[in-house]
Amino acid sequence: MNSDQSSPARSHALQRDLLEHTLDAITTPFYIIDSNWRIVYLNQAARESLRGLGHADRNHAQGMVLWEAVPDLVGTRFEKEYRRAMTTQTAVHFEEYHAPLNSWFRVDVFPTPATMVLQLRDVTREKVRQQYLADASKVLSQTLDYMETLRRLAQLSVPRLADWCTVDIANQNGELEQVVVAHSNPDKVRYARELRRRYPPDPESSGLYSVFRSGKSEFAHQITDEMLAAGVGDGEYLRMLRELGLCSMMTVPLTAHGKTIGVMQFVSAEGRRLYDAADVAFAEDLANRAAVAAHNARLFEGAKRREREEAALRKAAEAVTASFSVEEIINEIARSALDATEADGSFVERLNDDGKELRVVAVAGELHLELNSCIPFEGSLGQLVLEKNQPELVHVLGQSRFPLPGVLAQMFASSAALAVPLVDGGTAIGALILLRREGRAPFTEDEAKRAHTFGNLASLAFRKVHLLQESETRRTELEQLIESRSRLIRGFSHDLKNPLGAADGHASLLEDRMLGELGEKQLSSVKRIRSAIRAAVSLIDDLVELARAEAGQIKLRPHAVDVRELVREMVEQYRPAAEQERLSIKGTLEAVELIKSDPDRVRQIVGNLLSNAVKYTQPGGSIEVRTGIRKSDNDLQYPAGCVAIDVIDTGIGIPQDKLELLFTEFARIDPSVKPGAGLGLAISRRIARLLGGEITVRTERGTGSTFTLWLPLEQA
Ligand code: ADP
């Protein structure tokens, strides 16, 4: 054993060295003070923090009175608490902000009768985080606007946690869209946006995407120039990145309920802070809270949005179906599309007939081109969407990749736009344009889809009006045609009936032997001539009647009609003809109240039905006429019921597939059965309708037919 090592002085020095080394190993400042406030000892960390303050060095400080070595303490809570500990001889613990070091300290003071131990711990990071989380909780609880939540959280992070904070959210196509950029300097925000616009992250290689896909954070403790160059290669991008002075970076996923919806990035630059694993854990905690809040806000917004959209859609659809003018419909659509997408402005532009200009035909909100103004079609957003027949999203009009020299890009350079084509059956009509102010989130694919629905409604409105106009034109043309045909038939029949009348006159002179005796053969020939003339005249009368009915020129003379009595007379009138054909005929006539109708026209119709029944029933058959009050079986608009007159025969019947033909002019089912012109039923149905009624038929081939005349039960 070495005698030196055993000397008491040496051993004391060794012990002291050991103690000093041990105390120096403690990374937090540590002081021993005597009862006169002199610094008896301070460890390495304490010396460094004093040096940081630019005060005394070690030799200087040791042995100095505390208040002289660290004059900043005088008058602060530190001094007050130290003195209290000394006086009361009890341990004191407190946390206090130390302005000169811009740090928070947790201080433990342990007094003994002769000395006092001061131990300080820098709790700045914890303090900042606590405060940050408290602020964050406030933001999360205060707002239910999803974008606003993310924006405010990012804003809270600068400069406390980062110099830059950005948020990316995945759109429907899984592309990350930068929705927030926060920096305390607005110029830098613009710079970052520009950088992002020019160099969007590569889904294959960028860190943003790898964090988004894996749901795991990534961080770069210290970003070196080599790392930058390796990441982006040489060139303008590298130059712009260098300009940012990146120092350290953390990228954390925004994950809610197991689903990653986006990515949050914290970047340290001018603050020169270097992130470590604890920072990443903190950032993750924050991102989780943000993601859950954003998720909830999204759900809430989704519900609210759907409600708003449904209401807007309902209104737009109502406008299209109600018989508004096209202007009203288009205005309503501009308004409801604005409501549904929460745009700041919307307008509908319509392509002129020459296809060269778009005219603004409806506007809503505050941001829009002037109503009735015209812009060139060539190069417009309208042209773009019409050509690809798809909606188009433009994040910033002034920076669009598309050539948009138009007024729109000039007037609303910083706005986001959403354009929807309006097409009617392949024909370009125009476009619906929605605008959103700078600073608000740009339109999304989802919104584009919804706006497309409004575009379709607008197209529908144009189509409807177009069809209405077309059918109106056709109707007028048809009316003119019918009127001119009716005029022609009337003139023609007049010209035909005169000579026929003269011929019949001469034939009747012959028949009456006024011109001398005729033999048997001549007489029968003359009779046939007269019958042929009568048939021709009756055909001409039918034609005139049809033309009148078509042109709506039949004059009705309404009277009180006793239907039962009228039908009884008709049955009697047709009895001889029926009996001649060996047909039985009877009326089963229920009394019906007097109705208001035109008795001559009712007789005409019933006569036509009875003559057909006689004509198309084989000898030995039967005819029955019934009257009664019934609900009509086809949808006549008389809920109270109708007077029904059935003419029932046991005749040849009509094939089902020919039923509609019956009422068409000149249509005959089987011309070989009996002669006829095929006009009777056509005229009868027209007149029945003029009387407010209808003719229907039920029939079976070979068994018989029932023709029913329905008349409205209108009290006389
Ligand atoms: P027309 O009797 O002069 O041919 P209508 O317009 O009265 O003209 O009738 C059209 C066609 O309907 C007739 O040609 C006939 O084929 C068919 N038809 C009409 N009434 C009956 C009936 N009671 N039974 C069978 N067929 C009928």
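1. Start with the way H7 and H8 cross: H7 passes H8 in a right-handed crossing. Keep in mind that you are looking at a predicted model. H7 covers residues 124-142, and its axis lies 9 Å from that of H8, at an angle of about 165°. Angles over 145 degrees count as roughly antiparallel, so H7 and H8 are roughly antiparallel to each other.

2. Now look at who touches whom in that pair. On the H7 side you'll find Tyr132, Asp135, Ala136, Val139, Leu140 and Gln142, and they meet Thr149, Arg152, Leu153, Leu156 and Ser157 in H8. Sorted by class, this contact has 6 nonpolar, 3 polar and 2 charged residues.

3. H8 has another partner to check out. H8 (residues 146-157) packs with H13 (residues 277-321) at an angle of about 160°, and their axes are 8 Å apart. That angle makes H8 roughly antiparallel to H13. Here, too, the crossing is right-handed, with H8 passing H13.

4. The residues of H8 that meet H13 are Tyr146, Met147, Thr149, Leu150, Leu153 and Ser157. Across from them, H13 brings in Leu286, Ala290, Ala293, Ala294, Ala297, Arg298 and Glu301. Count by class and you get 9 nonpolar, 2 polar and 2 charged residues in the contact of H8 with H13. Thr149, Leu153 and Ser157 are worth clicking on: they appear in the contact with H13 and also in the one with H7.

5. Next, follow the chain into the loop between H8 and strand E6 (164-170), where Pro159 is found. The peptide bond joining Val158 and Pro159 is cis, with omega about -5°.

6. There's a backbone detail to spot elsewhere, too. Arg513 sits in the loop between helix H17 (445-511) and helix H18 (520-550). Its phi is near 55°, a positive value in a residue other than glycine.

7. Finally, the ligand. How many residues surround it? The answer is 19, and the closest are Asn612, Tyr616, Asp649, Arg668 and Leu681.

8. Zoom in on the polar atoms around the ligand. For Arg668, an N or O atom of the side chain is 2.5 Å from a ligand oxygen atom. For Leu681, a polar backbone atom is 2.8 Å from an oxygen atom of the ligand. Lys615 joins in with a polar side-chain atom that lies 3.0 Å from a ligand oxygen atom. So when you display these contacts, show the side chains of Arg668 and Lys615, and the backbone of Leu681.

Technical notes:
Residues are numbered from 1 along each chain as its sequence is written. This is a predicted model: local features need pLDDT of at least 70, side-chain atom pairs count only at pLDDT 80 or more; totals for chains, interfaces and linings use all residues. Side-chain values use heavy atoms; hydrogens and water are left out. Axes are lines fitted to C-alpha atoms, for helices over the stretch in contact, and angles run from 0 to 180 degrees between N-to-C directions. Helices (H or I, at least four residues) and strands (E, at least two) are DSSP runs, numbered from the N terminus. Angles under 35 degrees count as roughly parallel, over 145 as roughly antiparallel, 65 to 115 as roughly perpendicular and the rest as oblique. A crossing is left-handed if the near helix is turned anticlockwise from the far one by less than a right angle, and right-handed if clockwise. Contact means heavy atoms within 4.5 Å. Ala, Val, Leu, Ile, Met, Phe, Trp, Tyr, Cys and Pro count as nonpolar, Asp, Glu, Lys and Arg as charged, and the others, Gly among them, as polar. A residue is near a molecule or strand if one of its heavy atoms lies within 4 Å of it. A polar contact is a pair of N or O atoms within 3.5 Å; within protein, one must be able to donate a hydrogen and the other to accept it, and residues adjacent in sequence count only if both atoms are side-chain atoms.
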